[in-house]
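The exercises below ask you to read helices, loops, backbone angles and empty space from a single model. Try each task on the structure before going through its worked solution.

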Amino acid sequence: MEFEHKVYELNYSKIKTYKECPLLYKYKYVEGKREGLVPASSLGVSIHRTLEEYHKYSNDPSEILNYFNNCWLGAGYTSAGEQMEYYLKGKKMLEAYAEKEYERKTSVDSTEREFIFEHGIWTIRGKIDRTDLWPDGSWEVIDYKTGSELDENFDVTQSLQMGIYSVGARRAWNMKKGKASIYNVALGIVYSADFDLFNEDEILKTFVETGKKIEASFFPANTNHCQHCLFNNRCPSSSVKEAA
Ligand code: SF4
């Protein structure tokens with residue numbers, strides 16, 4: 001069964017998925033198959049939910065763990081021990097996060113705010129984890145990461161995700177001055193770059209070119225991604241199916 005699939009509506013997740021493997025895109029966005037949760041992604045959901053609620057209703061660092069307990073998602077773990085291991089990992093991250101919040105000079109403006117803008121025939125959407133306002137009137141759009149895959153030298157201007165978020169913030173919300181940041185909650189590092197440092201033309205070109213391939217239903221397998229793919233034990237094209 002094929003799901004209704006709006007080709008002309010693009011977002012970063014779709015582009016990222018297509019670039020990882022076009023066939024994976026087809027499974028997720030054309031056929032509506034779900035990836036399911038594994039411990040790392042489940043913890044990510046718990047942390048994102050916690051920070052959304054916490055910044056919406058509290059901003060008092062002494063309350064952050066209450067929010068974590070209320071927002072905890074128990075799905076995706078194979079045993080109670082594994083769940084506890086990840087719970088403690090998340091608790092440690094959030095304690096460090098709350099501590100760092102004392103040092104920030106910004107005020108939280110919104111959480112999970114959605115932008116939408118038109119670019120030619122394309123509608124581009126995105127949802128940003130958090131937006132902050134600085135005392136000088138400039139903005140910061142923030143995306144949380146809960147894995148430790150980004151090292152301390154990560155160059156945020158190379159992030160297509162933060163690139164499209166900076167374009168969205170300027171076009172949809174008229175945020176003229178500001179920066180886009182990835183907040184690596186796992187390592188307690190914030191990587192930031194001014195909106196101006198992102199190459200808007202290149203970013204939009206990537207979206208449009210990828211969108212055209214999707215529109216043409218061009219969905220070849222990219223087996224270089226199989227090792228990291230959550231469909232690798234059920235995809236006939238998987239290069240790691242036997243080992244999974
Ligand atoms: S298992 Fe490999 S080929 Fe199949 S969808 Fe995933 S990345 Fe693509």
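**Exercise 1. Locate S217 and state what is unusual about its backbone.**

Solution. S217 is placed in the segment after helix 7 (200–215), where helices (H or I, at least four residues) and strands (E, at least two) are DSSP runs numbered from the N terminus. Its phi is positive, about 55 degrees, although S217 is not a glycine. The model is a predicted one, in which local features need pLDDT of at least 70 and side-chain atom pairs count only at pLDDT 80 or more, while totals for chains, interfaces and linings use all residues. Residues are numbered from 1 along each chain as its sequence is written, and side-chain values use heavy atoms, with hydrogens and water left out.

**Exercise 2. Find where E112 lies, and give its phi and its exposure.**

Solution. Begin with the element: E112 belongs to strand 2 (residues 107–119). Next take the backbone angle, which is near 50 degrees and thus a positive phi in a residue other than glycine. Finally, the relative accessible area of E112 is 23%, which makes this residue partly exposed; on the scale used here buried means under 20% relative accessible area, exposed over 50%, and partly exposed in between, with a 1.4 Å probe and protein chains only.

**Exercise 3. Compare the span of helix 5 with expectation, then describe how its buried residues are arranged and covered.**

Solution. The expected span of a helix is 1.5 Å times one less than its number of residues. Helix 5 has 22 residues and reaches 31 Å from its first C-alpha to its last, which is close to the 32 Å expected. The buried residues of helix 5 are Y86, Y87, G90, M93, L94, Y97, A98 and E101. Viewed down the helix axis they fall within an arc of 135 degrees, so they line one face of helix 5; the arc is that of the directions from the helix axis to the C-beta atoms. On the face turned away from this buried side, helix 5 carries the exposed residues K92 and E99. The cover over the buried residues includes helix 3, helix 4 (64–71), strand 3, strand 4 and strand 5 (178–184), and contact here means heavy atoms within 4.5 Å.

**Exercise 4. Which residues does P61 contact beyond its sequence neighbours, and is P61 buried or exposed?**

Solution. P61 sits in the loop between helix 3 and helix 4. With a relative accessibility of 17%, P61 counts as buried. Once the neighbours within four places in sequence are set aside, P61 is in contact with Y54, A98 and Y102. As a check on how the chain comes together here, P61 and E99 are 38 residues apart in sequence and 7.1 Å apart in space, C-alpha to C-alpha.

**Exercise 5. Repeat the span test on helix 7 and list what covers its buried residues.**

Solution. The 16 residues of helix 7 should span 22 Å at 1.5 Å a residue, and the end C-alpha atoms are 22 Å apart, which agrees. Its buried residues are I203, L204, F207, V208, T210, G211 and I214. Among the elements that cover them are strand 1 (9–11), helix 1, helix 2, strand 2, strand 3 and helix 6.

**Exercise 6. Describe the largest pocket and the largest cavity by volume and lining.**

Solution. Rolling a probe the size of a water molecule over the atoms shows where empty space is left. On a 1 Å grid over the protein atoms alone, a cavity is a set of points where a 1.4 Å probe fits but cannot get out, whereas a pocket is an open set with protein on both sides within 12 Å along at least five of seven lines; lining residues have an atom within 4 Å of a point. Grid points are joined across faces, edges and corners, and a volume is the space filled by probe spheres set on the points.

The largest pocket has a volume of about 2,000 Å³. Its lining has 50 residues, and S13, K16, S41, H48 and K145 lie nearest its centre. Helix 3 gives the largest share of this lining, seven residues.

The count comes to one cavity of 30 Å³ or more. The largest cavity has a volume of about 100 Å³. Of its 15 lining residues, C21, N222, C226, C229 and C235 are the closest to its centre.
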